[in-house]
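Work through these exercises with the structure open beside you. Try each task before reading its solution.

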Amino acid sequence: MQQQSFFDSKAASAPLASRLRPRTLEEFVGQKHLLGEGKILRQLIDQDLVSSMIFWGPPGVGKTTLARIIAGKTKSNFIDFSAVTSGIKEIKEVMRQAEQNRLMGERTILFVDEIHRFNKAQQDAFLPFVEKGSIILIGATTENPSFEINSALLSRCKVFVLQALSSQELEQMLQHALTDPRGFGNQQVEMPEGMLAMIANAANGDARSALNTLEMVVLNGDLRDGKTVITKETVEQCVSKKSLLYDKNGEEHYNLISALHKSMRNSDVDASIYWLARMLEAGEDPLYIARRMIRFASEDVGMADSRALQIAVAAYQACHFIGMPECNVHLTHAAVYLALAPKSNALEVAYNTARKDALEQLAEPVPLVIRNAPTRLMKELHYGEGYQYAHDTEDKLTNMQCMPDSLKDRRYYHPTDQGSEAKVQQRLAQIDAWKKAHQPH
C-alpha cells in the first residue's frame, strides 16, 4: 500500500473547487462560443498568438482557471495578482521580475483578478510594460470594462465576454465531481435523482458556487454501510437562498431591474412578478424597486392611466412603513397594476424633445405678456401687459401666446389613443379647435 504524504493530505483537504480546477482546455467546462473548435480564442491559444486581454463575466465561470490554462499551454510564467491587495509598489516589483524573464527569453502572463478595482494610476502603471511586451496582461472583471478600465489600457487588450454556465453544464460538472478521484470518486455517494439538477439550478451559472454546495451536501450526508447517503432535505438546506444573492452594485443588479422594467412595459404580468421575486429574495432594497416603479409609472404609462403614479407612490410608502418581508405583496400589487395598465411614453418623448429645444435655445426671452410685474418699473417696461386671466373667461381659455416667438408653433406632447390618454387626445383637440376659432384677426 502506498504511503500518503503530508502534501497528499493537504491537497485532499483543499476545497472541492480547488481540487477539481481544470488543467486543460479539454477539461474546461463552458464558454464554447470562445473555446469551441475554430472559435477565436481557441485559435489564438492553439496558434500561440495570445496577446493582452480582458475576461469579462460573472463570478465562477472560470476566468482565473482559463488564464492558468493559457499560461500552461503557451509555456509562459504565470503570476497571479490581486487588485484587492496590491498597489503600485507591488506592480513595479512584478514588472521588474517580468522584464528579467523577458530578457531571459521567457514570457510572463500576468493575471490581474478584479482589475476594475485598480484606480487610474494603478492601471496606467501597466501600460508601458504591455506596450513593450514585458508582460501579457490578462485582466478579469465582473464589471463592464467600457466603464471600469482606462481607455488607453482597454485599447491594448482584446475583450472576451465569458457567459454564466448553463444548468446542463453545471450538472455535468457535478456528476464529474462525484466520479473523479480528485473529488468524491473514492467514496460511494448516493443521492435521489434530480438533486444534482437542483444544485446546478440554484448556482445561477456559478461553477464555484455549485461545487461548494455539492461539497457541503456530501459533508453533511449520513454514513451508512460505507456509503454517504444524501437526502433531499439535506440538499434543500444546503442550497437555501445563497444562490440568489448578487452584488447590488454589480451588473446583475442592473440586469434584473432592467428585466423587471421591460417585463412590465411588455405587459407580461407573470414575468414581472418573477423578476420582482428574484430581486427581493436576493436581498434587494424594496425602496429601490419602488422608486424605479414610480419612474416607470410616468415614463411608460403616463396619462394613459394617471392612477398608475398614485399606485406606485403608495407602494413606496407601504414599503417605507412596514419593510420586508411584508411589503413584498405591495410591490407585487404595483408591479401587476403597472404591467396591466395601458402604455404610453408620450410624456417621456415630450420632455426629451422640449429638453433639446431648451438646451439649444437657452436665451429665448419669456414673452412680456406672461412675465411677473411686482414693481412699477417692471410695469413701465410692459411686463405682464395684456395678460389674460383664463378664469375670467367663459370657456376658461384664452388665445394668449405663452411660447417664445421662435417656438410658437412647436408641439411636444402627442397623446396616444391608449386608455385615459384617448380622452386627453380629445381634450387637446378641443383646445386646438377653440384657439383656431378665436385667433385675432
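A residue is called buried when its relative accessible area is under 20%, exposed when over 50%, and partly exposed in between. The model is predicted.

**Exercise 1. Helix 22**

Find which residues of helix 22 are buried, and what they pack against.

Solution.
- Step 1: apply the cut-off of under 20% to the helix. Glu 421, Ala 422, Ile 431 and Trp 434 are buried in helix 22.
- Step 2: look for their partners. These buried residues pack against helix 20 (346-360).
- Step 3: check the length. Helix 22 runs over residues 421-437, 17 residues in total. From first C-alpha to last it reaches 24 Å, close to the 24 Å expected at 1.5 Å a residue.

**Exercise 2. Helix 19 and Val 336**

Decide whether the span of helix 19 agrees with its residue count, and where its buried residues sit around the axis.

Solution.
- Step 1: the expected span is 1.5 Å times one less than the number of residues. For the 13 residues of helix 19 that gives 18 Å, and the end C-alpha atoms are 18 Å apart, so the two agree.
- Step 2: list the buried residues. They are Leu 331, Ala 334, Ala 335, Leu 338 and Ala 339.
- Step 3: use the arc. These residues cover only 130° around the axis, which means they lie on the same side of helix 19.
- Step 4: turn to Val 336, which lies in this helix (residues 328-340). Its relative accessibility is 23%, so Val 336 counts as partly exposed.
- Step 5: find its contacts. Setting aside residues up to four places away in sequence, Val 336 touches Val 269 and Ile 273.

**Exercise 3. Helix 5 and Arg 42**

Explain why helix 5 is described as largely enclosed, then place Arg 42.

Solution.
- Step 1: count. In helix 5 (residues 63-73), 8 of the 11 residues are buried, so the rest of the structure largely encloses this helix.
- Step 2: name them. The buried set is Lys 63, Thr 64, Thr 65, Leu 66, Ala 67, Ile 69, Ile 70 and Ala 71.
- Step 3: identify the packing partners. Among them are helix 4, strand 1 (53-56) and strand 2 (77-82).
- Step 4: look just past the helix. Lys 75 follows helix 5 and has a positive phi, near 55°.
- Step 5: move to Arg 42, found in helix 4 (residues 40-46). Its relative accessible area is 11%, so Arg 42 is buried.
- Step 6: list contacts beyond four places in sequence. Arg 42 meets Leu 25, Glu 26, Leu 34, Leu 35, Gly 36 and Glu 37.

**Exercise 4. Empty space**

Describe the linings of the second largest cavity and the second largest pocket.

Solution.
- Step 1: count the cavities. There are 2 of 30 Å³ or more. The second largest cavity holds about 30 Å³ of space.
- Step 2: name its lining. Ile 257, Leu 260, His 261, Met 264, Arg 292, Met 293 and Phe 296 line this cavity.
- Step 3: assign the lining to helices. Helix 15 (251-265) and helix 17 (286-301) each supply at least two residues. Helix 15 gives the most, with 4 residues.
- Step 4: sort by class. The cavity lining has 5 nonpolar, 1 polar and 1 charged residues.
- Step 5: go to the second largest pocket, with a volume of about 700 Å³. Of its 16 lining residues, Met 400, Gln 401, Lys 408, Asp 409 and Lys 435 are the closest to its centre.
- Step 6: sort again. The pocket lining has 6 nonpolar, 3 polar and 7 charged residues.

Conventions:
Residues are numbered from 1 along each chain as its sequence is written. This is a predicted model: local features need pLDDT of at least 70, side-chain atom pairs count only at pLDDT 80 or more; totals for chains, interfaces and linings use all residues. Side-chain values use heavy atoms; hydrogens and water are left out. Buried means under 20% relative accessible area, exposed over 50%, partly exposed in between (1.4 Å probe, protein chains only). Contact means heavy atoms within 4.5 Å. The arc is that of the directions from the helix axis to the C-beta atoms. On a 1 Å grid over the protein atoms alone, a cavity is a set of points where a 1.4 Å probe fits but cannot get out, and a pocket is an open set with protein on both sides within 12 Å along at least five of seven lines; lining residues have an atom within 4 Å of a point. Grid points are joined across faces, edges and corners, and a volume is the space filled by probe spheres set on the points. Ala, Val, Leu, Ile, Met, Phe, Trp, Tyr, Cys and Pro count as nonpolar, Asp, Glu, Lys and Arg as charged, and the others, Gly among them, as polar.
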